[in-house]
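Here are my notes on this one, as promised. Have the viewer open while you read, and go through the points in order.

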Amino acid sequence: MFLKFDGWHLLNTDTFESVNGQFPAENVVDNRGAAWAEHWSLARKYSIQQFLHGETREISLDVTFWKDHLLDMAAERQLSTLLGFLERDRLYGRPPILEFWIGNSFLSMKCILVSASVKHERPTKLGAMKQARVSISLRQFEPYDEKELANFDTRYHISRQGDTYEM
C-alpha cells in the first residue's frame with residue numbers, strides 16, 4: 001500500500017509491525033495540560049499559584065476499517081494488529097512502544113496504546129466482518145531516566161549497600 005498524505009499510521013518500534021489507516025482519522029483530539037495548585041489568603045484579590053507538574057499528552061481519534069469483499073482479509077489483519085498493540089509482549093515484558101503520526105507528521109508522538117474500543121457494524125450476509133469503527137486513545141511515552149531528578153527532589157534516593165530507611 002502506498003503512503004497516503006492524509007492517513008494515520010502506528011508503528012511498533014520493537015518489531016516494526018505497522019497499522020496504516022485505510023481512511024483519514026476522525027475526531028482527532030490532542031490533549032495537553034499542566035497541574036497547578038492555588039492558595040488563597042485574606043485580603044488578596046488573586047490566589048498564589050504554583051506549578052506542580054506537567055500532564056501526559058494524550059491523543060484520541062476514531063478510525064474505520066472496511067472490508068471490500070469476502071476474500072479481503074487486509075482490514076481484519078490491520079484490526080488484529082492494532083488490538084495486539086494492547087497485549088504484553090513476552091520478549092519485552094510490556095506492550096509495545098509505538099510511533100504515531102498523521103499525514104506528513106504534523107501530528108506525531110512516541111506513545112503507548114491505552115485503549116481501543118471497537119464498534120462492529122452489521123456483518124455481511126455470510127456472517128463476516130464488513131466494517132469496524134475503533135476509538136483509539138494514545139498516551140505519550142517518555143522513558144524514565146533517574147538522571148532527570150532535580151537536586152531538590154527528596155522523594156527518591158538511589159540506595160546503596162548499608163543504607164537504611166531512616167537514612
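1. Start with the pair E76 and K67: their side chains form a salt bridge, with the closest N and O atoms 3.2 Å apart. Keep in mind that this is a predicted model. The two partners sit in unlike surroundings, since K67 is buried at a relative accessible area of 4%, while E76 is partly exposed at 24%.

2. On salt bridges in general, the structure holds 6. D30, R32 and R57 are joined into one network by bridges that share partners. Within that network, the side chains of D30 and R32 meet at 3.0 Å, N to O. D30 is partly exposed, with a relative accessible area of 30%, and R32 counts as exposed at 61%.

3. Which parts of the chain does the E58 bridge tie together? The partner of E58 is R139, and their closest N and O atoms are 2.8 Å apart. E58 lies in strand β6 and R139 in strand β9, so the pair links parts that are 81 residues apart in sequence. Neither end is hidden away: E58 is partly exposed at a relative accessible area of 21%, and R139 is partly exposed at 31%.

4. Now the core. The largest nonpolar core has 24 residues, and those with the most contacts inside it are L10, F65, L82, F100 and L138. At least two core residues each come from β1 (8-12), β6 (58-66), α1 (74-84), β7 (98-102), β8 (107-120) and β9 (131-140). The largest share, 5 residues, is supplied by β8.

5. L138 is worth centring in the viewer. Leaving aside residues up to four places away in sequence, L138 touches L10, R57, E58, I59, L61, F100, M109, C111, I112, L113 and V114. Two of those, L10 and F100, are also among the residues with the most contacts inside the core. Another, E58, is one end of the bridge to R139, and R57 belongs to the network with D30 and R32.

6. From L138 move to M109, which is in strand β8. M109 counts as buried, at 5% relative accessibility. Its contacts, again not counting residues up to four places away in sequence, are R57, I59, L98, E99, F100, L138, R139 and Q140. Take Q140 from that list: M109 and Q140 are 31 residues apart in sequence, yet their C-alpha atoms are 6.5 Å apart in space.

7. Where do the buried residues of α1 point? The residues concerned are A75, L79, T81 and L82. Seen down the axis of α1, they fall within an arc of 160°, so they line one face of the helix. As a reminder, an α-helix has 3.6 residues a turn, so residues three or four places apart point the same way. The buried residues of α1 pack against β1, β2 (18-20), β6, β8 and β9. L82 also appears among the residues with the most contacts inside the largest nonpolar core.

8. There is also some nonpolar surface to look at. L83, L86 and V118 make a nonpolar patch of about 170 Å². V118 lies in strand β8, the strand that gives the core its largest share. V118 itself is partly exposed, with a relative accessible area of 30%.

9. Last, two backbone angles to check. Most residues other than glycine have a negative phi. F16 has a positive phi of about 65° although it is not a glycine. F16 is found in the loop between β1 and β2, and is exposed, with a relative accessible area of 61%.

10. The other angle belongs to N27, where phi is near 50°, again a positive value in a residue other than glycine. Is N27 buried or exposed? N27 is exposed, at a relative accessible area of 52%. As for its place, N27 is in strand β3 (residues 26-31), whereas F16 is in a loop.

Technical notes: Residues are numbered from 1 along each chain as its sequence is written. This is a predicted model: local features need pLDDT of at least 70, side-chain atom pairs count only at pLDDT 80 or more; totals for chains, interfaces and linings use all residues. Side-chain values use heavy atoms; hydrogens and water are left out. A nonpolar core is a set of buried Ala, Val, Leu, Ile, Met, Phe, Trp, Tyr and Cys residues joined through side-chain atoms within 4.5 Å. Buried means under 20% relative accessible area, exposed over 50%, partly exposed in between (1.4 Å probe, protein chains only). Helices (H or I, at least four residues) and strands (E, at least two) are DSSP runs, numbered from the N terminus. Contact means heavy atoms within 4.5 Å. The arc is that of the directions from the helix axis to the C-beta atoms. Patches are made of residues with over 30% relative accessible area and no salt bridge: like charges are joined within 9 Å, nonpolar side chains (Val, Leu, Ile, Met, Phe, Trp, Tyr) within 5 Å. Accessible areas come from the Shrake-Rupley method with a 1.4 Å probe; for residues, only the protein chains shown count as cover. A salt bridge is a side-chain nitrogen of Lys or Arg within 4 Å of a carboxyl oxygen of Asp or Glu.
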